[in-house]
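Reader: I should be grateful for a close look at one part of this structure, followed by an account of the elements around which it is built.

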Amino acid sequence: MDLHDIRGGRLDVITEEAEELSRESTNMADGGLRAARGVSTFQRFSVDTDESLCFEPCEDGLPSPIGAERGLHGDVFEVAEAESDGVTIRKQLQGKVTEMENFASHLEEIFLTVEENFGRQEQHLEQHYNDVLQTLSQRCDDRAAGLEEEKKGKLEALYKQLLACGQAMDVSKELIETAQEVYRCPDERLFLKAVMPTMRRIEEFAEEQVDLTLATSLEFNTPLANLPDVKTMMDSINIVPVINPQTPNSATQTSLRVCWSLFSDDTVEYYELYYRPVLEDTPADSTCAPHVSKVRVKETHCMVTDLLPNAQYELWVTATNTTGISPASEKTLYVTVPSPPVIKQRECASCPEAALIRWESGNTDPVDSYTVELRETGTGAPESAIAESVVAVPTCQCLIQLQAGRRYLICVRAVNIGGPSSRSEVISVSTTGTLFSLLEDTAHPCLCISEDGFTIFYGEEELPISAMALEDNNAFTRCVAVLGGLIPVRGRHYWEVEVDDGTEFRIGVASEDTERNSYLGANNTSWCMRHILTPARHKYEFLHNGWSPDLRITVNPVRIGVALDYERGTLSFFNVALEQHLHTFQCHFQNHVQPCFGLDNPGALTVHTGIEAPKYAFA
Amino acid sequence: MALTQVSSNRCAGGFQKVFEHESTELKCKMKFAVYLPPKAETDKCPVMYWLSGLTCTEQNFITKAGSQVPAAEHGLIVVAPDTSPRGCNIEGEDENWDFGTGAGFYVNATQDPWKTNYRMYSYITEELPKLINANFPTDPDKMSISGHSMGGHGALICALKNPGKYKAVSAFAPICNPMQCPWGQKAFSGYLGPDRSAWEAYDATVLAAAYCGPQLDVLIDQGRDDQFLSASQLLPDNLIAVCSEKKVPVVFRLQPVSSNTRLLTDQHDSCMLGLRPQLLLHLLLHERSHQAPRQVPQRLISHHRRCQSPAERPPFPGNQIPQL
C-alpha cells in the first residue's frame with residue numbers, strides 16, 4: 001500500500017464528508033476500511049467517475065468547497081434530511097479514522113521488524129562472504145606457495161643439468177687439448193704411445209650420449225581453481241540459527257522447551273541441539289567439564305527432557321544440509337523450573353484473622369521467589385471459590401490475612417526465571433481459634449514433648465550432664481518450660497491447658513526474648529498462673545515480676561482457658577469446666593508474646609489449640 | 001403496692017431514684033434506692049440487689065460507691081434497700097450499732113420483740129423483687145445479688161438458700177461464718193434464739209456445705225488490712241475451706257492496700273470509697289451472668305456466669321485434634 005493510496009483514502013473520507021457519498025471504488029487498497037460504510041441514500045455523484053479520486057491533497061484537511069467547484073451548492077446544504085445521516089456517517093468516519101490509525105501503527109511495527117531482520121540478514125551475509133573471501137585468499141596463498149615450491153624444484157633440476165653439462169664440457173675440452181697435444185707431439189714414438197689411449201678415450205666419450213634434453217619442463221602445472229568447493233561454501237548455511245529466549249512457563253522441573261529460528265531461505269535437513277548443565281564451580285581443566293548432550297530434530301523446536309530441577313543449562317544449535325553444518329548459534333541459558341517447596345506443618349500457626357505458613361525451599365540452589373496460593377474450602381465456601389495468590393514472597397515464610405471461621409487450602413510454589421514449580425503438598429488451615437505448636441528448641445532439657453507435639457512431660461530422671469553442657473542458647477535452663485510459636489498477630493488468642501489435680505504448673509505468656517535462665521513469672525517479661533501443691537492445700541498464684549495477688553480458689557481447675565487480648569492489654573485465665581473467671585493480668589504487651597508452659601515438679605500437661613474462644617473469654 | 005418517689009437525680013445518663021413504700025413483711029415504711037440506667041428507657045434490664053452493711057441505709061451505697069457509671073454502661077438496674085426496718089419503736093432497737101436498727105442481718109427473726117418486723121430475709125428475697133418487677137422495666141429472670149460486710153453475708157445466704165434464683169453472687173468483705181464470730185453470735189441469738197441449729201439456716205459457711213443446686217460462681221473481695229478481718233469477725237477462711245471441700249466454685253481475692261488504685265483500705269467501713277474498681281468488677285460479674293451483649297470497656301474484665309440450667313450445660317470439650 002503506497003502513500004498515494006493512503007492519501008487517496010484520506011481524501012476520499014474528506015470528500016465524502018463534504019459530499020455525503022458512499023463509494024464502492026476498489027481504489028482503496030485496504031478493503032477493511034470500507035466494511036463499516038453503509039450506502040448512503042444520497043447519491044449525488046456517479047461512482048464510476050475517477051475524477052472524484054484525483055483531488056490534490058488538502059493542506060488543512062478541511063473540506064474544500066468541492067461542491068462549489070462542481071457547482072452543486074444547493075445539495076450540500078440540504079440540512080434537514082441530512083442531519084441523522086450526517087451523524088451516522090460521522091460515526092463511520094470516526095471508525096475509519098481509528099482503523100487507519102491502527103493500521104498505521106501496525107505498519108510501523110512491521111517496518112521496525114523488517115528493519116531489524118534486514119539488519120540481521122545483512123550482518124549474516126557480510127559474515128558469510130567474509131568467510132568465503134577468507135577461504136579463497138587462503139587458497140590463493142596456498143597455491144602461490146605451491147608454485148613457489150615447484151619453481152624451486154625446477155630450477156634446481158636445471159642447475160644440476162647445467163653442472164653436468166659443464167663437467168662434460170670440461171672433459172671434452174680436456175680431451176681435445178690432449179689430442180691436440182698428442183698431435184703436436186714431435187716425437188713419433190710418444191705419439192704412437194699416446195694416440196691409441198687418447199683415441200680410445202675420445203671414442204668412449206663420443207659414445208656417451210649427452211643428454212641435452214631439459215631435465216624439467218618449462219611449463220608450470222596450474223590446476224584450475226577448485227570452484228565447486230567454493231560454490232559449496234557459498235551455498236552452505238552460513239546463516240547462524242538463533243535460539244529464542246526462554247518462553248515463560250514453558251519449562252517444567254525436568255524438561256525445557258527450546259525454540260529457535262533461522263533467518264534464511266536455505267533448506268535444512270536437520271538441526272542439532274547441544275546442551276549441558278551450567279555448574280556453579282566448574283573446574284579449570286576440561287576433563288571434569290559437564291557432559292554435552294545432543295539431540296537431532298527436524299523442527300525448529302525441541303523438548304529436552306531428563307533434566308535436573310532449578311538448574312541452568314547452556315544450549316546451542318546448528319543447522320545441517322547437504323552443503324554442510326552451519327556454525328553454532330550463540331550459547332543461550334535456559335533454566336528449569338524449581339522443585340516444589342515442602343511446607344513445615346509443625347512450624348505453621350494460625351489465628352482467626354491470619355495464618356503464618358513456613359516451608360523449606362525444596363531446592364539446593366536458591367530460587368527467585370515463592371508464590372503462596374490459597375483457596376477457601378469447606379461447607380460454607382462457594383463452589384467456584386477463587387484461588388488467591390501472594391506472589392514475590394522473598395523468604396520461606398508468609399503471613400496471610402484470612403477471614404475468621406473458614407477453612408483454607410494453602411500451597412506454595414517456588415519460582416525462578418523458568419517459571420513456577422508445581423504445587424507443594426497442600427496444608428489445610430482452619431481459622432477457628434488459634435493454632436500453634438510448641439517450639440522444641442526452647443524446651444528445657446528435662447522436658448519431653450509427646451509425638452503429637454502437644455503434651456509435655458517432666459520426668460523423674462536426673463538431668464543428663466551432656467544436655468547441661470550443651471550451649472543451647474534458646475532453651476530454658478532453670479525453669480522446666482517451653483514456649484509456643486504463637487502467630488505474631490496482635491489480635492485475640494485463646495487456648496486451653498489440661499492438667500492433673502496434682503500437677504504443679506506455670507502457664508501463661510512470655511515475651512520471645514524472656515530470660516531463659518529465669519523462672520516464668522519471676523521477671524517482667526512473663527505472666528503466668530502458677531499452681532503449688534502444699535501438704536495442706538492447693539495454692540494458686542498469678543505471677544508477674546515475682547509478684548502475685550493473694551487468691552484462693554476453691555475448685556481446682558483441671559482445664560484452664562487462657563485468653564490473650566493484645567488490644568485490650570489483658571491476659572485472662574478461666575476454669576473451663578465451670579466457665580469461671582480466675583484472674584486477669586492487665587498489661588500493654590509492647591512486644592509479641594508467646595504462650596509458655598512450665599512444670600515445677602514431675603508431671604505432665606497438655607495444650608489444646610484450635611478452639612473457638614468461648615463468649616465469656618473475651619466478653 | 002404504692003410507691004412514693006422520694007428523690008430522683010439524673011446520673012450517668014440514667015436516674016438515681018429513692019422510693020418509699022409500706023412493707024408488708026416489715027410492717028413499716030421502707031425506703032430503697034434504685035438506679036435506672038439509660039437502657040431502661042427502652043429495654044428490660046437485669047437487676048442487681050445490693051445489700052449494705054451494718055449501720056447503713058439506702059443512701060450509703062448510692063452516694064459513696066460510684067456504681068452508677070458502670071451500671072449505666074452495662075445496662076443494670078441496681079436496687080439498694082435499707083438494712084433493717086425503721087421506726088418500729090421496738091425497745092432496744094437503737095441501743096447497738098451492730099444489732100437492731102441498721103443491723104437486720106437479713107434473717108427472718110423468730111424471737112420477740114423482733115419477729116414481727118425483722119423479716120429482712122423475706123423482704124429481700126420476696127417482697128422487694130415483686131415490687132421492683134412490677135414497677136420497673138426489669139427482666140424478672142435476671143437477678144443477681146451482692147453486698148458488703150453484713151450485706152455480703154446477706155447476699156451469700158440469699159443465693160445459697162435459693163438455688164437458681166440469682167444468676168450471680170458476689171460480696172465485699174462479707175461475714176462468712178456468723179455463727180463463729182461475735183457479730184453473728186450476738187445477732188443470731190437476739191433474732192433467732194439460743195438454739196444454734198436455727199442459726200445454721202442463715203450461715204453462709206454451713207449453707208455452702210449443704211448446698212445442692214445449680215452451680216454457683218462466687219466472687220469475694222476482701223481487704224487484707226481490714227480490721228474486722230483480723231478481729232475474726234469475717235472468717236473467710238472457713239467459707240473457703242468448706243467450698244474447697246464441697247467444690248463450690250469461689251474466687252476469693254485478698255486485696256492489698258494500694259494508694260494509686262484505691263483498693264480496699266484499712267477501714268472496713270470506708271471501703272466503699274476504695275472499692276470502686278472492685279465494684280465495677282462485681283457489677284460486671286453480675287452483668288456477665290445475665291449475658292448482656294455489651295462491649296466491656298478495656299480495663300474491665302469480669303467472669304462469666306452461666307444462665308443455663310445444668311442440663312443444658314455443654315459437654316466438656318474433649319481433646320481437640322488441631323486441624324493445622
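Which residues form a nonpolar patch on the surface, and how much accessible area do they have together?

Author: The model discussed here is a predicted one. The nonpolar patch on the surface is formed by Leu107(A), Ile110(A) and Val114(A), which together have about 240 Å² of accessible area. Of these residues, Val114(A) can be placed in helix H5 of chain A, which covers residues 79-184. The relative accessibility of Val114(A) is 49%, and this residue therefore counts as partly exposed; the class of exposed residues begins over 50%.

A helix of chain B offers a view of burial. Helix H4(B) comprises residues 150-161, that is, 12 residues. From its first C-alpha to its last it reaches 16 Å, close to the 16 Å expected at 1.5 Å a residue. Of the 12 residues of H4(B), 11 are buried, so this helix is largely enclosed by the rest of the structure. Among the buried residues are Met150(B), His153(B), Leu156(B), Ile157(B), Cys158(B) and Leu160(B). Gly151(B), Gly152(B) and Gly154(B) are buried as well, as are Ala155(B) and Ala159(B).

The sheets may be taken next. In chain A, seven strands form an open sheet with antiparallel pairing, in the order S19-S20-S31-S22-S27-S28-S29. Its edges are occupied by strand S19 (447-449) and strand S29 (580-586) of chain A; each has a single partner strand, so one side of each is left without a neighbour in the sheet. On average, neighbouring strands of this sheet are turned by 20 degrees against each other, direction ignored. Within the sheet, strand S20(A), residues 455-458, pairs with strand S31(A), residues 603-608, in the antiparallel sense over four bridges. Here Phe457(A) has Ala604(A) of S31(A) as its bridge partner.

Another open sheet draws on both chains: its 10 strands run in the order S26(A)-S9(B)-S8(B)-S7(B)-S6(B)-S4(B)-S5(B)-S3(B)-S2(B)-S1(B), and the pairing is mixed. Strand S26 (550-553) of chain A and strand S1 (3-11) of chain B are the edge strands, each pairing on one side only. Neighbouring strands of this sheet are likewise turned by 20 degrees against each other on average, direction ignored. A parallel pairing in this sheet joins strand S4(B), residues 45-51, to strand S6(B), residues 138-148, over six bridges. In that pairing, Ser146(B) of S6(B) is the bridge partner of Trp50(B).

Key. Residues are numbered from 1 along each chain as its sequence is written. Chains are lettered from A and ligands numbered from 1 in the order in which they are written. This is a predicted model: local features need pLDDT of at least 70, side-chain atom pairs count only at pLDDT 80 or more; totals for chains, interfaces and linings use all residues. Side-chain values use heavy atoms; hydrogens and water are left out. Two strands pair if DSSP finds at least two bridges between them. Helices (H or I, at least four residues) and strands (E, at least two) are DSSP runs, numbered from the N terminus. Axes are lines fitted to C-alpha atoms, for helices over the stretch in contact, and angles run from 0 to 180 degrees between N-to-C directions. The expected span of a helix is 1.5 Å times one less than its number of residues. Buried means under 20% relative accessible area, exposed over 50%, partly exposed in between (1.4 Å probe, protein chains only). Patches are made of residues with over 30% relative accessible area and no salt bridge: like charges are joined within 9 Å, nonpolar side chains (Val, Leu, Ile, Met, Phe, Trp, Tyr) within 5 Å. Accessible areas come from the Shrake-Rupley method with a 1.4 Å probe; for residues, only the protein chains shown count as cover. A salt bridge is a side-chain nitrogen of Lys or Arg within 4 Å of a carboxyl oxygen of Asp or Glu.
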